[in-house]
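Got the viewer open? Let's take a walk through this one, stop by stop, with something to select at each.

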Amino acid sequence: MKYTLDTIPVLDAFRQECQCPLCRLEITCEDGYIDGLLSSAYMEPECRIRTNQTGFCRRHYSLMYERRNRLGLALMTHTHLQEMIRSLEETLSGTAKKRSKLPFFAGSGTQESSRPARIQSRIEACDICDQLAKTMRRYAFTTVRLALDRDDFRQMFKTHGGACLPHTALLLDLAEETLSEKERTSFEALLRESVLGRLREIEGNLYAFTQQFDYRNAGVAPSPEARNSVEHALNRLAGAIVGEEAALPAHND
Ligand SMILES: [Zn+2]
Ligand SMILES: [Zn+2]
C-alpha cells in the first residue's frame, strides 16, 4: 500500500512533552472524528452508509454519548439499529454450526462463520476505530520516514523513548511493509534502543515506587519519576489509558 507523508502533525506531536507522541496524535484525531461525525458528517450519505453498516465500539459509543449532540447520535443509532435488526433476523434464524467434542477443536465453534462470532464481530466493528487505524498508519509511516531522514527527529524519537507498545508494534509493521532491508535495519536499531531504554527506566522507577512501602524507607520521599511510574508503565504497556496522557480535550458542546 502507498502512504503519503503527513509531516507537520507528527513533528508537532514529537515536540510536545508526553509519554507517547503517537498516543497524543491518536487522541487528537479521535476527538476530531467524534466532533466531525456529530456536527455534520452523519448527514452525508457516504458516511451514513458506513456507520449504518459498522456502528461503533464501546469506547466510541460512550464518548459520543458524553457530548451534547443527541440528535446526531440518535439518527446514526436509529439507522444502524435498523440494519442490525435485519442482520440479527438472519443470524438468529440460522442453525448452529456443529461443534467438535474434541478439546483441540473446541474453539472451532467460535470461528468467523459461527452465529455467536458473527454477532460478536458486528459488536466490535467501529467506524471511528477504522478511520483512526487508517490515519495512524499514515502517521506511523511518516514517523518511520522522519526517523530515517532527519537527525533532529531521531533525537526527539530517542528522547521520547520511541513509543508505547501498541504504537511500537505499529511502527515495526510499517517499517517491515515499506522499508528496504538496509533502512529497516537502521530504523529497528533506533526503535530497539529507544523503546527498551525507556522501558528499563520505567521498570527501575516502578521498583523504587514499590520500595517506598517498605517500613525501612519510611519518611523517604519518592522521586517524581517513581511517583508517576505506575501511570507511565500502564500507558507504555497499553497505550495512553490513564492520567493526563489519556485525557481528551475539554468540550462544552
Ligand atoms: Zn502510543
Ligand atoms: Zn471504536
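Before the first selection, a word on what counts as a metal donor here: an N, O or S atom within 2.8 Å of the metal, with water not among the atoms. Keep in mind, too, that you are looking at a predicted model.

**Stop 1: the whole chain**

Start with a cartoon view. The chain has twelve helices and zero strands, so expect nothing but α in the element order from the N terminus on. Turn it around a bit: the C-alpha trace spans about 65 × 45 × 45 Å along its principal axes. If you colour by accessibility, 40% of the 253 residues count as buried.

**Stop 2: zinc, ligand 2**

Select ligand 2, a zinc ion, and show its protein donors: Cys57 (SG), His60 (ND1), Cys126 (SG) and Cys129 (SG), which lie 2.0 to 2.3 Å from the ion. Try the angle tool on the four donor atoms; the values run from 101 to 115 degrees, and the site is tetrahedral. In sequence, the donor residues of this zinc ion (ligand 2) are spaced C-x2-H-x65-C-x2-C. Now pick out His60 and Cys126, which link distant parts of the chain: His60 is in helix H4 (residues 58–66), while Cys126 is in the loop between helix H6 (115–124) and helix H7 (127–149), 66 residues apart. Are these two buried or exposed? His60 is buried, at a relative accessible area of 1%, and Cys126 is buried as well, at 2%.

**Stop 3: zinc, ligand 1**

Jump to ligand 1, also a zinc ion, where the protein donors are Cys20 (SG), Cys23 (SG), Cys164 (SG) and His167 (ND1), at 2.0 to 2.4 Å. What is the arrangement of the four donor atoms here? It is tetrahedral, because the donor atoms subtend angles of 100 to 114 degrees. The donor spacing along the chain for ligand 1 reads C-x2-C-x140-C-x2-H. Highlight Cys20 and His167 to see another link between distant parts of the chain: Cys20 sits in the loop between H1 and helix H2 (21–39), His167 in helix H9 (residues 165–178), and 147 residues separate them. Both Cys20 and His167 are buried.

**Stop 4: around Arg122**

Next, select Arg122 in helix H6 and show side chains around it. Arg122 forms a salt bridge with Glu83, with the closest N and O atoms 3.4 Å apart. Glu83 lies in helix H5 (residues 70–93) and Arg122 in helix H6, so the pair ties together parts that are 39 residues apart in sequence. Both Glu83 and Arg122 are buried; for Arg122 the relative accessibility is 16%. While you are there, add Ser87: its side chain makes a polar contact with the side chain of Arg122, at 3.1 Å.

**Stop 5: salt bridges from helix H7**

The structure holds 17 salt bridges, and two to look up next involve helix H7. Begin with Arg138 and Asp6, whose side chains meet at 3.0 Å, N to O. Arg138 is in helix H7 and Asp6 is in the segment before H1, 132 residues apart, so to speak a link between distant parts of the chain. Arg138 is partly exposed, with a relative accessible area of 26%.

Then move to Arg137, which forms a salt bridge with Glu177, the closest N and O atoms being 2.8 Å apart. This pair also links distant parts of the chain: Arg137 in helix H7 and Glu177 in helix H9, 40 residues apart. How exposed are the partners, and what are their values? Arg137 is partly exposed at 22%, and Glu177 is partly exposed at 36%.

Finish this stop by selecting Asp31, Asp35 and Arg67, which are linked in a network of salt bridges.

**Stop 6: Leu11 and a surface patch**

Leu11 is in helix H1 (residues 7–15), and is buried at 7% relative accessibility. Draw a C-alpha to C-alpha distance from Leu11 to Phe187: it comes to 17 Å, for two residues 176 apart in sequence.

For the last selection, switch to a surface and pick Val230, Leu234 and Ile241, which make a nonpolar surface patch of about 230 Å². Of these, Ile241 is in the segment after helix H12 (229–238).

Terms used. Residues numbered from 1 in each chain as written. Chains lettered and ligands numbered in written order. Predicted model: local features only at pLDDT ≥ 70, side-chain atom pairs only at ≥ 80, totals over all residues. Heavy atoms only, no water. Donors = N, O, S within 2.8 Å, 3.2 Å for Na, K, Ca; no water. Tetrahedral: all angles 85-135°; square planar, octahedral: opposite > 155°, others 65-115°. Helix = DSSP H or I, 4+ residues; strand = E, 2+ residues; numbered from the N terminus. Buried < 20%, exposed > 50% of the residue type's maximum accessible area, 1.4 Å probe, protein only. Patch = residues over 30% accessible without salt bridge, like charges linked within 9 Å, V, L, I, M, F, W, Y side chains within 5 Å. Areas by Shrake-Rupley, 256 points an atom, 1.4 Å probe, with all protein chains shown as cover. Salt bridge = Lys/Arg side-chain N within 4 Å of Asp/Glu carboxyl O. Polar contact = N/O pair within 3.5 Å; in protein donor to acceptor, adjacent residues only side chain to side chain.
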